[in-house]
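Have the sequence and the coordinates open side by side. The paragraphs below go from one part of the chain to the next.

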Amino acid sequence: MDALLHNPIADMYGPDFLLLYGSIIILTVLVCGWLIQDPTKNQPLPLIPSEPDPYEIAYLRSGTVEVVKVAILNLIQRGYLQIAEQLISQAQNHNNLSELQPLEQQVFSSFSSTPAIKSINSIAEKVEPYCNIYEEELDNEQLLYAQKWQTSNIQVGLIAATIIFSLGSYKLLVALGKGRHNVGFLIVMSVLSIIGILWFASKRSRLSLRGQAYLQQLQQTFAEAKTKVKFSIPSAFEYNLVVALFGVEALAGTSYDSYYKVFFPPTYSRTSSRQSSSSNGSCSSSSCSSCSSGSSCGGGSSCGGGCGGCGGGCGG
């Protein structure tokens, strides 16, 4: 027991121990960062096919939700779905469903013949089982960050946090046992370093470094298709590929701008007061004298919560 209370660490002067403790924390963090690495960092990238699968690319970029968006666009182009007033519904006269992939059939069946608002996330949940094949292929290529790597990272983080916690707790108990209560810096250093290490060890990128580099290379390779959908006549495949690589935003200003507006509806500015009708007369400057300078019933500034109609002047 005496050895626990009297040894070089236990008897070390407070500021000296904090310096030692800080050095151990820094060393532990460096070792932790060295052990937590992406094994695909220096691996060569896969060859880019001349016609990659848009669904697989969409899954690589952002998961099942993006696959659904590409599938909907594909079904619209092939006449299975239609857009009316930013709502998507089944087309009346469409081809046989047997021509569709199971994934596309599931997306199609998620819509009805009546236009209505549909949750993309709910459709994605139904489509998830059909995307397992893409996940397996991307996993085999080590383009996704594997779960086993993440498990190993968490174990390293827990070991590092245990080392810091054990040393800090030991010194804290010794100090309190000797009647020393100026341990605030010790507690702060310990808590912040443990939280930082566990956060660093548990954070996970969906894509591996190889996957990120491959996606970037794909976007660079097919960058011309993004321009072509706006200023030329692209094929259905090129439309699907552009959405898979760059998202629905790439369709803004194209022939499928209506599909873009389904996800990014235009916003209109609203005036703070209603425009008066000619039958009720206009709001004169005298009737709006209580308004702030330059305001009017049809203007952008409000007065007392807004103009109460031009016939009665500005409501105070």
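What follows covers two helices, a set of salt bridges and one tyrosine in a loop. The model is predicted, and the values given here are computed from it.

Begin with helix α12, which spans residues 236–246. Nine of its eleven residues are buried, so the helix is mostly covered, given that buried means under 20% relative accessible area. The buried set consists of E238, Y239, N240, L241, V242, V243, A244, L245 and F246. What do these residues pack against? Their partners are α3 (54–62), α4 (64–77), α10 (209–221) and α11 (223–231). Just after the helix comes G247, whose phi is positive, at about 90°.

One of the buried residues of α12, E238, also takes part in a salt bridge. Its partner is K228, and the closest N and O atoms of the pair are 3.1 Å apart. Because K228 belongs to helix α11 and E238 to helix α12, the pair ties together parts that are ten residues apart in sequence. The two ends differ in exposure class: E238 counts as buried at 17% relative accessibility, whereas K228, at 31%, is partly exposed.

The count of salt bridges in the model is six. Another of them joins R210 to E141, with 3.7 Å between the closest N and O atoms. This pair links distant parts of the chain, since R210 sits in helix α10 and E141 in the loop between α7 (132–140) and α8 (147–177), 69 residues apart. R210 counts as buried, with a relative accessibility of 11%. E141, at 36%, counts as partly exposed.

A further salt bridge is formed by E66 and R61, where the closest N and O atoms are 2.5 Å apart. E66 is buried, at 9% relative accessible area, while R61 is partly exposed, at 23%. These two residues do not stand alone: R61, E66 and K69 are linked in a network of salt bridges.

Now turn to helix α6, residues 120–127. Which residues of this helix are buried? They are I120, I123, A124 and V127. Looking down the axis of α6, the buried residues fall within an arc of 105°, so they line one face of the helix. The face turned away from this buried side carries N121 and E125, which are exposed. The buried residues of α6 pack against α4, α5 (102–109) and α13 (257–263). Helix α4 has already appeared above, among the elements that the buried residues of α12 pack against.

The last stop is Y80, placed in the loop between α4 and β1 (81–84). Is this residue buried or exposed? Y80 is buried, with a relative accessible area of 0%. Leaving aside residues up to four places away in sequence, Y80 touches L75, S89, Q90, A91, H94, N95, N96, L97, E99, L100 and F108. For one of these residues, N95, the C-alpha atom is 7.0 Å from that of Y80, although the two residues are 15 residues apart along the chain.

The side chain of Y80 also has polar partners. A polar atom of this side chain lies 3.0 Å from the backbone oxygen of N96. The Y80 side chain makes a polar contact with the side chain of E99 as well, at 3.5 Å.

Key
Residues are numbered from 1 along each chain as its sequence is written. This is a predicted model: local features need pLDDT of at least 70, side-chain atom pairs count only at pLDDT 80 or more; totals for chains, interfaces and linings use all residues. Side-chain values use heavy atoms; hydrogens and water are left out. Buried means under 20% relative accessible area, exposed over 50%, partly exposed in between (1.4 Å probe, protein chains only). Helices (H or I, at least four residues) and strands (E, at least two) are DSSP runs, numbered from the N terminus. Contact means heavy atoms within 4.5 Å. A salt bridge is a side-chain nitrogen of Lys or Arg within 4 Å of a carboxyl oxygen of Asp or Glu. The arc is that of the directions from the helix axis to the C-beta atoms. A polar contact is a pair of N or O atoms within 3.5 Å; within protein, one must be able to donate a hydrogen and the other to accept it, and residues adjacent in sequence count only if both atoms are side-chain atoms.
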